[in-house]
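Me: I'm new to this one and would like to walk through it with you. Can you show it to me first?

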Amino acid sequence: MKDIKRALSIASPLALLLLWEVLARIPSRLTHFVAPPSLVMVTVWQMALTGELWQHMGWSFLRVMLGFAAGALPGIAVGLMMGLIPTVRAALQPIVAATLPIPKTALLPWIILLLGVGESSRVTIIGIGVFFLVLVNTMAGVMGIDPIYLDVGRNFGARGWRFYRTIAFPGALPTIFAGLKLGLGTAYLLIVFAEQIGVREGVGYLIWQAYDTFDIERMFAGLLLTSLLGFLSMTALSALERRWVPWRS
Amino acid sequence: MEVMSSGMAHAKEDDEAAERIAGGRPCDAVPKIRLRGVTKAFAGPSGEVTALQDISLDIADGEFVCLVGPSGCGKTTLLRILAGLEKQTTGAVDVRRADGDRPLSRMVFQEQSILPWMTVEQNVAYGLSMRGVDRKRQKAIVAHYLEMTGLGRFATSYPHQLSGGMKQRVSVARAFADDPEILLMDEPFASLDEQNRLLLQQELLRIWEGTQKTVVFITHSIDEAINLGDRLLVMTAYPGRLKAIVDVPLTRPRDVTETRADPRASRLYMEVWRQLRDEVLKAKVGGEGIRPAPAGNRA
């Protein structure tokens with residue numbers, strides 16, 4: 001039974017790829033808009049040989065990582081304080097509640113006016129997107145810590161920074177990771193959007209350039225590379241979680 | 001001048017009152033813990049709820065005192081006030097500190113309280129590392145208490161890998177390792193099965209005897225209180241007051257198995273049970289209407 005299940009879970013995506021290949025090769029109106037997987041792979045292969053592929057993936061990865069760090073670190077710091085200190089929460093909660101629902105993509109034009117079309121505006125928009133998700137989850141994580149552990153920290157003399165390091169941060173860590181994962185997903189969403197203008201490299205640029213030249217194979221290659229980057233980053237984050245949250249198993 | 005003298009007279013009165021409550025058994029000259037008229041009220045959903053009322057008592061240095069009372073009698077509140085985790089509404093709490101370098105008190109909590117994100121070792125070392133004791137000494141102390149509690153094999157395990165009894169051993173080891181002057185124990189063995197409870201009681205006695213630590217131990221089990229304590233403080237149900245103070249006429253070192261067979265322990269059990277029975281019944285009846293209706297609310 002187990003073998004059948006495994007076989008099925010391998011067979012079904014293969015069947016879908018095959019169907020896709022066949023449909024894309026039968027001449028029809030659809031052929032113009034759908035590239036067969038085999039040709040997408042050929043395109044990717046050629047891009048890997050010329051080195052273009054590494055350029056695109058490398059730049060996008062770098063931007064995402066910088067923006068991710070720029071958003072996650074302050075998000076954790078502010079989230080911990082808001083979760084732990086009621087006065088800080090009371091002061092910042094309305095601001096967060098008011099700015100949280102702004103679609104981050106809608107902010108990009110303003111950020112470009114402010115910072116120019118350079119890298120800083122792309123890193124900033126990702127940072128903002130990640131910041132809010134990590135902040136909200138960190139705060140929820142701290143507030144969800146069983147009060148007994150706060151008592152333990154107080155009773156055993158954990159003050160100030162030590163309280164954050166030994167109680168608040170590790171106690172909220174599982175929820176912080178949930179926020180980081182959401183943030184990472186948003187980061188890849190934003191990078192494709194942010195690489196629309198002012199760049200000559202990146203997976204987002206690849207997709208938009210393919211759009212301009214109506215190059216469906218390159219567009220699908222761009223989609224594939226973006227997904228690949230997202231998948232690899234998420235896998236790395238999950239590995240980090242297993243390492244840093246070893247008590248959750 | 002007038003204010004001062006009247007204040008002193010008041011204090012003297014309080015002392016006399018406490019001695020009466022203590023059954024005319026004065027503690028040594030300066031008690032380790034001295035409570036005078038301690039009352040704690042909480043804001044409940046329908047008016048104020050008095051958890052503790054007018055508690056006055058002295059606990060001597062090095063004494064093992066057991067607080068016995070029905071559930072919900074404010075025992076835990078009293079312990080949390082002693083730990084500084086809560087503040088009394090009125091009354092005076094006076095805890096004498098002997099040594100500036102050691103922590104004054106550490107608590108062993110009732111529920112699962114060892115930190116899930118730390119290994120057994122790190123949990124036991126927690127207080128020491130918060131005080132900045134150097135690593136080498138930390139290691140030696142932790143190793144000692146892990147051995148005393150039979151946790152050596154589990155040093156690098158995480159709490160979720162341990163049984164309930166093991167977790168409470170870690171909690172006890174953590175409190176002892178930090179070497180406080182006073183140990184506050186809030187029904188630490190209540191969630192364990194009978195066999196484990198007896199084992200841990202014996203282990204606690206073994207570790208404690210010779211440490212000179214003052215212990216305030218909360219329990220709802222009369223047996224447990226007799227096994228462990230020098231004195232039992234029997235509390236009333238609602239609100240929590242001191243009803244009686246009973247000396248345990250057993251010598252130390254003690255063996256919980258021998259205590260079981262001791263006729264003095266059986267007599268004591270009956271005596272304490274008579275004191276407690278009414279309170280348990282009262283708590284049961286009061287359970288439904290435990291929140292006092294604010295005056296004038298009833299037509």
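Reply: One yardstick before we start: buried means under 20% relative accessible area, exposed means over 50%, and partly exposed is in between, with a 1.4 Å probe and protein chains only. By that yardstick B:Arg131, at 33% relative accessible area, is partly exposed.

Me: Good. Anything else I should know about how it was made?

Reply: It's a predicted model, where local features need pLDDT of at least 70 and side-chain atom pairs count only at pLDDT 80 or more, while totals for chains, interfaces and linings use all residues; side-chain values use heavy atoms, leaving out hydrogens and water. Residues are numbered from 1 along each chain as its sequence is written, with chains lettered from A and ligands numbered from 1 in the order they are written.

Me: Back to B:Arg131, then. Which residue does it form a salt bridge with?

Reply: Its partner is B:Asp178, with 2.8 Å between the closest N and O atoms. A salt bridge here is a side-chain nitrogen of Lys or Arg within 4 Å of a carboxyl oxygen of Asp or Glu.

Me: And where do the two sit?

Reply: B:Asp178 is in the loop between helix H6 (164–177) and strand E6 (182–186) of chain B, and B:Arg131 is in the loop between helix H4 (126–130) and helix H5 (135–148) of chain B. The pair links distant parts of the chain, 47 residues apart. Helices (H or I, at least four residues) and strands (E, at least two) are DSSP runs, numbered from the N terminus.

Me: Is B:Asp178 buried or exposed?

Reply: B:Asp178 counts as buried because its relative accessibility is 0%.

Me: How many salt bridges are there over all chains?

Reply: The structure holds 25 over all chains. Another one is B:Arg252 with B:Glu209, whose closest N and O atoms are 3.9 Å apart. B:Arg252 lies in the loop between E9 and H9 of chain B and B:Glu209 in the loop between H7 and E7, so they tie together parts 43 residues apart in sequence. B:Arg252 is partly exposed at 26% relative accessibility, and B:Glu209 is partly exposed at 23%.

Me: What about B:Asp262? Which partner does it have?

Reply: B:Asp262 pairs with B:Arg264, at 3.0 Å between the closest N and O atoms. B:Asp262 is buried at 16% relative accessible area, whereas B:Arg264 is partly exposed at 35%. Over in chain A, salt bridges that share partners join A:Arg63, A:Glu119, A:Arg122, A:Glu195 and A:Glu201 into one network.

Me: You mentioned B:Arg252. What kind of peptide bond joins it to B:Pro253?

Reply: A cis one, with omega about -5 degrees. B:Pro253 is in the loop between strand E9 (242–247) and helix H9 (256–261) of chain B.

Me: Any odd backbone angles in that chain?

Reply: Two to look at. B:Asp54 has a positive phi of about 50 degrees although it isn't a glycine; it sits in strand E2 and is partly exposed at 47% relative accessibility. B:Gln212, also not a glycine, has a positive phi of about 70 degrees. B:Gln212 lies in the loop between helix H7 (194–208) and strand E7 (214–219) of chain B, and counts as exposed because its relative accessible area is 62%.

Me: Can you zoom out on chain B?

Reply: Sure: chain B has 10 helices and 9 strands, and 48% of its 299 residues count as buried. One buried residue is B:Ile59, at 3% relative accessibility, in strand E2 (residues 47–59). The C-alpha atoms of B:Ile59 and B:Val216 are separated by 8.7 Å, with their places 157 residues apart along the chain.

Me: Now chain A. At what angle do H1(A) and H2(A) pack?

Reply: About 95 degrees, with the axes 8 Å apart. That makes H1(A) roughly perpendicular to H2(A), a label for angles of 65 to 115 degrees (under 35 is roughly parallel, over 145 roughly antiparallel, the rest oblique). Axes are lines fitted to C-alpha atoms, for helices over the stretch in contact, and angles run from 0 to 180 degrees between N-to-C directions.

Me: Which residues of H1(A) and H2(A) make the contact?

Reply: A:Leu17, A:Trp20, A:Glu21 and A:Arg25 of H1(A), and A:Pro37, A:Ser38 and A:Leu39 of H2(A). Contact means heavy atoms within 4.5 Å. In the loop between helix H1 (2–25) and helix H2 (37–50) you'll find A:Ile26, which is partly exposed at 43% relative accessible area.

Me: One more: what do the buried residues of H9(A) pack against?

Reply: They pack against H2, helix H3 (52–84), helix H8 (160–194) and helix H10 (216–244) of chain A. Among those buried residues are A:Val203, A:Tyr205 and A:Leu206. After H9(A) comes A:Phe214, with a positive phi near 50 degrees.
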